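Me: I am new to this structure and would be grateful for a close look at a single part of it. Please take the sheet with the most to say about its strands and the helices beside it, and set it in the context of the chain.

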Amino acid sequence: MQKGAIRVQTENIFPIIKKFLYSDHDIFLRELVSNAVDASQKLKTLASVGEFKGEIGEADVTVSLDKEKKTITISDRGIGMTAEEVDKYINQVAFSGAEEFVKKYKGQGDGANIIGHFGLGFYSSFMVSSQVEIFTKSWKPDSQAVRWECDGSPEYQLENTEKESRGTDIVLHINEESEEFLDEHRIRTILEKFCRFLPVPIKFQGEQINNTSPAWVKKPSELTADDYQAFYKELYPFAEPPLFWIHLNVDYPFNLTGILYFPKITKTYEIQKDKISLYSNQVFVTDEVKNIVPEFLMLLHGVIDSPDIPLNVSRSYLQGDPNVKKINAHITKKVADKLDEMFRTDRKSFEEKWEHIALFVKYGMMTEDKFLDKAGKFHLLEDVDGGTFYTLEEYRTAAAAVQTNKEDKLVILYATNPTQQDSYIAAAKAKGYKVVKMETMVDAGFINQMEHKWENVMFTRVDADIADNLINPDAATQSVLSEAQEGTLKDIFTGQVALPGVKVELKGLGAQDQPVIVTRGELMRRMKDMAAMGGSA
Ligand code: ADP
Ligand code: MG
């Protein structure tokens with residue numbers, strides 16, 4: 001028997017990293033700036049625990065471009081590296097110093113908010129460079145500055161050098177195929193995309209390109225409605241103000257922050273998906289949040305930030321990732337809770353917003369059972385007259401007496417086009433029926449599904465043959481009552497009723513008192529049967 005360690009051949013792994021690690025070459029800048037930010041944050045952590053006693057000074061990151069020399073340089077004033085550290089963190093591919101640091105300083109200062117995880121990011125620089133140099137000087141007292149150099153082959157050089165200030169300069173000698181990156185506009189665009197909300201000032205051509213404390217990293221209690229609106233404007237300068245928003249803020253069992261905005265969705269609204277950006281510790285990752293955000297919430301706008309979502313892996317992997325699943329479920333719950341709270345605390349204003357949120361509430365009820373359970377409380381049916389809204393239970397209470405069918409199901413009458421179906425609506429109303437609007441693009445599917453998902457409910461279009469489906473309670477009740485001399489209809493629903501052959505105890509007509517409603521349907525049927533037999537059971 002033989003035991004041993006598998007030896008990874010760098011000759012083989014380099015081309016793989018270069019070609020396949022990232023399909024998008026832009027991200028070399030994200031990775032290098034992230035490392036520079038990490039180095040700056042680590043220094044702050046060391047200062048906060050008293051290990052670093054010097055002056056931090058301005059811990060910013062500078063990106064500069066030299067077209068003549070064909071270089072891009074990323075400079076920071078962070079912790080820097082000693083020769084040993086370069087050997088450990090740079091020469092050993094996939095040995096992540098970030099992870100080691102986080103383990104050591106977890107819970108202290110900014111120690112946990114480190115971007116790096118995988119120990120591969122630095123090597124993305126070889127996607128665009130024929131040669132990479134590192135000039136670095138550690139924060140440790142009396143450190144010797146070192147220079148590292150590599151041309152993308154497994155051979156490197158490491159030597160002492162002169163460097164005045166603490167920190168690291170990464171110099172990329174841009175290769176021929178990547179000269180597109182030697183362009184100010186291109187660099188600025190990439191920085192604005194990936195680095196817009198990084199926590200350390202990032203400077204390019206003398207200007208700071210980022211907002212270091214975006215709204216989502218602050219505590220909800222520190223923010224006013226104006227702050228949320230202003231942040232929305234920062235994200236989408238041309239969009240109409242949002243209806244409302246949810247601030248996500250979880251740190252256990254996974255990390256998740258963010259703000260989700262609800263846009264006004266009118267009938268003419270052009271649905272824009274992919275308006276939620278995913279960040280990881282304030283580094284932009286992607287606009288494609290499918291699998292992370294439940295599909296029905298893709299209509300929302302905003303930002304979610306979670307270092308617990310694996311970044312550089314395939315979509316299909318994401319789907320199965322347990323953290324992603326938990327995050328997905330959490331967002332669904334948060335949205336449902338928020339809507340529920342809005343409904344309970346200010347129903348009037350919730351009703352006013354209903355037209356804008358109906359679409360995705362319904363879509364959510366159709367596609368996510370967990371959401372369906374909660375949405376039952378705040379999903380609204382709007383009367384064709386407009387301005388009157390019922391929850392399902394309220395509709396049941398208001399309509400069941402006259403809109404119950406032979407199978408004891410509540411029959412929800414709806415109009416798909418109230419103007420065209422006007423005469424049918426009038427006829428239905430004359431009979432005391434309640435007709436609701438079902439006009440949005442998801443309604444046909446919604447009706448279809450809710451007939452299965454809601455118990456004892458069926459939908460009938462107002463211009464269909466309604467009478468055939470309904471029992472005729474008025475006639476039935478009247479004849480039974482006159483025979484049995486049992487008082488008014490009101491008494492039947494509020495008190496003990498003893499009809500010949502029927503013993504039913506009714507406990508009032510409370511909106512929440514659902515069992516009554518079922519009993520009442522039963523009662524209706526029995527009464528109708530009795531009426532047919534002439535009232536003598
Ligand atoms: P990761 O960031 O995922 O750890 P990287 O390949 O990006 O992996 O970087 C490897 C390691 O090299 C980092 O963890 C860090 O220890 C070190 N490093 C890279 N860039 C810098 C820098 N600018 N200053 C200090 N250390 C750095
Ligand atoms: Mg990194």
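Reply: The following account begins with the chain as a whole, turns to one sheet, and then follows the connections outward.

The model is a predicted one. Its chain contains 17 helices and 20 strands. Of the 537 residues in the chain, 35% are buried. Among contacts with a separation of 6 or more, 65% are between residues 24 or more positions apart.

The part chosen here is an open sheet of 8 strands, in which the order is S5-S4-S3-S6-S2-S1-S7-S8 and the pairing is mixed. Strand S5 (156–160) and strand S8 (207–208) are its edge strands, each pairing on one side only.

It is convenient to begin at the S5 edge. None of this strand is covered: of the 5 residues of S5, the number buried is 0, so S5 lies largely in the open. Its partner is S4, and the two pair in the antiparallel sense over 5 bridges. One of these pairs joins Cys 150 to Tyr 156, its bridge partner in S5. S4 and S5 form a hairpin with 5 residues between the strands, and there Gly 152 takes a positive phi near 95°. Helix H3 (residues 83–90) lies across this region, over strand S3 (129–137), strand S4 (146–150) and S5, and runs at about 30° to S4.

Further along the order comes S6, which is mostly covered, with 7 of its 8 residues buried. On one side, S6 pairs with S3 in the antiparallel sense over 8 bridges. On the other, S6 pairs with S2, again in the antiparallel sense, over 6 bridges. The residue His 173 of S6 takes part in both pairings: Gln 131 stands opposite His 173, and His 173 is also the bridge partner of Thr 71.

Just before Thr 71 in the numbering is Lys 70, which is placed in the loop between S1 and S2. Phi of Lys 70 is near 60°, a positive value in a residue other than glycine. Is Lys 70 buried or partly exposed? A residue needs 20 or more C-beta neighbours within 10 Å to be buried and 12 or fewer to be exposed; Lys 70 has 18 inside 10 Å, so Lys 70 counts as partly exposed.

At the other edge, strand S7 (residues 202–204) pairs with S8 in the antiparallel sense over 2 bridges. Here Phe 204 stands opposite Glu 207 in S8. Helix H2 (residues 27–48) packs on the sheet and touches strand S1 (61–66), strand S2 (71–76), strand S6 (167–174) and S7, with its direction at about 20° to that of S2.

The sheet and H2 lead on to the nonpolar interior. In soluble globular proteins, nonpolar side chains tend to be buried together. The largest nonpolar core of this chain has 92 residues, and Val 33, Leu 191, Ile 202 and Ile 259 touch the most other members. H2 gives the most to this core, with 10 residues.

Ile 259 opens a path to another region. Leaving aside neighbours within four places in sequence, Ile 259 is in contact with Ala 215, Trp 216, Tyr 228, Phe 231, Trp 245, His 247, Gly 302 and Val 303. Two residues in that list, Tyr 228 and Phe 231, recur in helix H6 (residues 225–235), whose buried residues are Tyr 228, Phe 231 and Tyr 232. These three cover an arc of only 105° around the axis, which puts them on the same side of H6. On the other side of H6, Asp 226, Asp 227 and Ala 230 are exposed. The cover over the buried residues of H6 includes strand S9 (244–250) and strand S10 (256–262). The loop between S9 and S10 is the place of Pro 253, and the peptide bond from Tyr 252 to Pro 253 is cis, with omega near 0°.

For contrast, the chain also holds an open sheet of 3 strands with parallel pairing, in the order S17-S16-S18. Its edge strands are strand S17 (435–437) and strand S18 (457–461), each pairing on one side only. Neighbouring strands of this sheet are turned by 45° against each other on average, direction ignored. Strand S16 (residues 410–415) and S18 pair in the parallel sense over 5 bridges, and Leu 410 has Val 457 as its bridge partner in S18.

Note on methods. Residues numbered from 1 in each chain as written. Chains lettered and ligands numbered in written order. Predicted model: local features only at pLDDT ≥ 70, side-chain atom pairs only at ≥ 80, totals over all residues. Helix = DSSP H or I, 4+ residues; strand = E, 2+ residues; numbered from the N terminus. Arc of directions from axis to C-beta. Contact = placed C-beta atoms within 7 Å. Pairing = 2+ DSSP bridges. Axes fitted to C-alpha atoms, helices over the stretch in contact; angles between N-to-C directions. Core = buried A, V, L, I, M, F, W, Y, C linked by C-beta atoms within 7 Å.
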